[in-house]
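Visitor: Please pick one part of this model and look at it closely. Then work outward from there, and explain each term as you use it.

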Amino acid sequence: MSGHSQFKNIMYRKGAQDAKKARVFAKLAREITVAAKSGLPEPDKNPRLRLAIQAARAESMPKDNIERAIAKATTVAGGADFVTMRYEGFSSGKVAVIVEALTDNKNRTAGNVRTIFGKRGGVMGESGSVVFNFERIGYIQYPAAVASADEMFEAALEAGANEVVSDENYHEIETLPDDLATVTGALESKYGTPSASRLDWKPTVKVDINDVESARKFLEFIDALEDDEDVQHVYHNAEISEDVMAQLSGEE
């Protein structure tokens, strides 16, 4: 499954949508708080905070939630200090997986992630063991309705993007990591807030999953990782055929 994005993670949701949304909001709020703590609590002067807020808005996170997350970073009490961690490993089907987390307890998070890998037939690797299968990119997404493919192509390239892919649903823009904020700002002045603006790991080598049972197990493994409260993002290089995804969707 390449879905509507050749870069984005495969997203497979199977019910409990309200609980999922609550977990997404909690993770977005954590990133906003950490971003606000890392610099000024003003989006215009703090690129990381600006991108975190954009990600929250893209998920329809309420304005009050965003403001509370920023305020939490500026309280005198402070609160927990979070650090960014990256874990690497392979699923049972030899799919390369990168897990990014924000945690105030590295031992807890590492143990949880290792347990999920072990119970789902995967194996954790050392730092650098799978990252060579990916490249770091900036990723921006807009709904197709904001501009024609030609208009978005010209605007994005003029702003400094490397690549633009458009279909009937979305415009997807790839940038160098250091150019993400600049390109996002240029496009935002023309088309408003994007539906996504973030740093991504883009797979350079794909691993095909062609049968329903293997796909189901793999996607349940990804869900288990994403359900952990400390895990912010999960990236992988699996490629699941549209036929298999259609069969899985029919089972929901």
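Guide: Gln 141 has its place in strand β4; strands are DSSP runs of E with at least two residues, helices are runs of H or I with at least four, and both are numbered from the N terminus. The model is predicted, so local features need a pLDDT of at least 70 and side-chain atom pairs count only at pLDDT 80 or more, while totals for chains, interfaces and linings use all residues. Residues are numbered from 1 along each chain as its sequence is written, and side-chain values use heavy atoms, with hydrogens and water left out.

Gln 141 counts as buried because its relative accessibility is 8%; buried means under 20% relative accessible area, exposed means over 50%, and partly exposed lies in between, with a 1.4 Å probe and protein chains only. Its side chain makes a polar contact of 2.9 Å with the side chain of Tyr 139. Such a contact is a pair of N or O atoms within 3.5 Å; within protein, one must be able to donate a hydrogen and the other to accept it, and residues adjacent in sequence count only if both atoms are side-chain atoms.

One residue in contact with Gln 141 is His 171, where contact means heavy atoms within 4.5 Å. His 171 belongs to strand β6 and is buried, at a relative accessible area of 2%. The side chains of His 171 and Ser 166 are joined by a polar contact of 2.7 Å. Beyond four places in sequence, the contacts of His 171 also include Ile 140, Tyr 142, Val 165 and Met 152.

Met 152 leads to helix α5, where Met 152, Ala 155, Ala 156 and Ala 159 are buried. Seen down the helix axis, these buried residues fall within an arc of 95°, so they line one face of α5; the arc is taken from the directions from the axis to the C-beta atoms. Asp 150, Glu 154 and Glu 158, on the other side of α5, are exposed. The buried residues of the helix pack against β4, β5, β6 and α6, so this list takes in the strand of Gln 141 and the strand of His 171. After α5 comes Gly 160, with a positive phi near 115°.

Another part of the chain is strand β2, residues 96-103. Eight of its eight residues are buried, so β2 is largely enclosed by the rest of the structure. Ala 96, Ile 98, Glu 100 and Leu 102 are on one side, and Val 97, Val 99, Ala 101 and Thr 103 are on the other. Strand β1 runs antiparallel to β2 and is joined to it by eight bridges; two strands pair if DSSP finds at least two bridges between them. Gly 89 has Val 97 as its bridge partner in β2. The two strands form a hairpin with five residues between them, and Lys 94 in the turn has a positive phi of about 65°.

Strand β9 also pairs with β2, antiparallel, through five bridges. Ile 98 stands opposite Tyr 235, and the partner of Glu 100 in β9 is His 233. Five of the six residues of β9 are buried.

Helix α2, residues 47-58, allows a check of length. Its 12 residues should span 16 Å at 1.5 Å a residue, and its end C-alpha atoms are 16 Å apart, which agrees; the expected span is 1.5 Å times one less than the number of residues. At the start of α2, a side-chain oxygen of Asn 46 reaches to within 3.2 Å of the backbone nitrogen of Arg 48. Among the buried residues of α2 are Leu 49, Ile 53 and Gln 54.

For the whole chain, there are eight helices and 10 strands, and 43% of the 252 residues are buried. Of the contacts with a separation of 6 or more, 73% are between residues 24 or more positions apart.

Confidence is given by pLDDT, the predictor's confidence in each residue, from 0 to 100. The chain has a mean of 86, and 89% of its residues reach 70 or more. Helix α5, described above, has the highest confidence, with a mean of 97, while helix α8 has the lowest, at 81. Over residues 1-16, pLDDT stays under 50.
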